[in-house]
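Reader: Could you take me through this model and explain the reasoning behind the terms you use?
Author: Gladly, here it is.

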Amino acid sequence: AGEGDVYFPALSHRQVIRIYDLLDDLQPEVIHAHEPALLGLVGQIWARLHNVPFVYTAHVLPSKALSFGAADIARIFRSPVTEAVARTILQNFYRNCDAVVGLNSAAIADIRRFGYRGRILIIPNGRSLDRYTHCAVADITSDKKELTYIGFISQRKNQGYLTNMLRELPDRYTLHLIGKSLDAQYERRLRDAIAGLRRDRVVFEGQIDHEDVPAYLERTHVFVSASLMEIQSLVIIEALASGTPVVGLSNETIDELVDDRVGLRLPKDASPLEFARAVEMVCSQSRTAYAEMCAEA
């Protein structure tokens, strides 16, 4: 995903026949899909034709499916008509699932509200935490404070809110934005908006290797998130596992995993000033109190 870097399967008639030939040869006992369209839909049709159980893991909220990554890439295609058509197609997909996997209780509640009445399983996102649980904790006594957010540069991730929040903090606070641009227009607006800030206060790190994430978290005093919607964000899980306190606006992940023992959870309508004060509250703790928060995270 990203400008000039969007990929999806070219499902020509010939390709679909090749997929079906592969499945006929393999004879799977179950098909498990992670997308409700394209290859996932092809797999579902084969499963129904062959009386094979079909399971789908929902990585997006079905009631807001077009508000996830696709919305940033294809805003031009969104309209009340296309949203109604997409909802109808998605409802049909759900009806043809033998079971649906939800990542947490918020996802399951949304799936039920969407109208799915079949079997639901709860299986949280998984992440090997070995490289995170051995991270060192940032030095809270340092005068310079490092804030980090990891995620695509996009409207849903809401980095513009974080840069507005940074304006409410002293100059010794630096914000690192890690991730590639999903919406180049949004990134340009973001860079224009921070033109008045000292250049080194907001650092666009771009995409980094996943193996390098722990090193960034070790230098981070607070992981900050203003993301508008996250079913179960892996970067929040990684930040907490590394012992990095999290301050975030309420969303599905923040509500599930963040409280005042490991950081601070703020309401969706909290102002950037209120968010900044929460960050300062975490960073103004004594070394002992901060270490306890990191250990609890």
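What follows is a short exchange about a predicted model.

Reader: What makes the largest nonpolar core a core, and which residues have the most contacts inside it?
Author: A nonpolar core is a set of buried nonpolar residues joined through side-chain atoms within 4.5 Å. The largest such set here has 53 residues, and L147, L162, V224, F275 and V279 have the most contacts inside it. Helix α12 (residues 272–283) gives the largest share, 6 residues.

Reader: Why is the core with Y20 and V42 called a second one?
Author: That set of 22 residues is separate from the largest core; Y56 and C97 are also among its members.

Reader: How do you know that α4 has the span expected of a helix?
Author: Helix α4 (residues 80–95) has 16 residues, and the expected span is 1.5 Å times one less than that number. This gives 22 Å, and the first and last C-alpha atoms are 23 Å apart, close to the expected value.

Reader: What makes you say that the buried residues of α4 line one face?
Author: The buried residues are L90, F93 and Y94, each under 20% relative accessible area. Seen down the axis of α4, they fall within an arc of 95 degrees, so they line one face of the helix. They pack against α2 (39–49), β2 (54–57), β3 (99–102) and α5 (105–114).

Reader: Which residues sit on the face turned away from the buried side of α4?
Author: That face carries P80, V81, I89 and R95, which are exposed, that is, over 50% relative accessible area.

Note on methods:
Residues numbered from 1 in each chain as written. Predicted model: local features only at pLDDT ≥ 70, side-chain atom pairs only at ≥ 80, totals over all residues. Heavy atoms only, no water. Buried < 20%, exposed > 50% of the residue type's maximum accessible area, 1.4 Å probe, protein only. Helix = DSSP H or I, 4+ residues; strand = E, 2+ residues; numbered from the N terminus. Arc of directions from axis to C-beta. Contact = heavy atoms within 4.5 Å.
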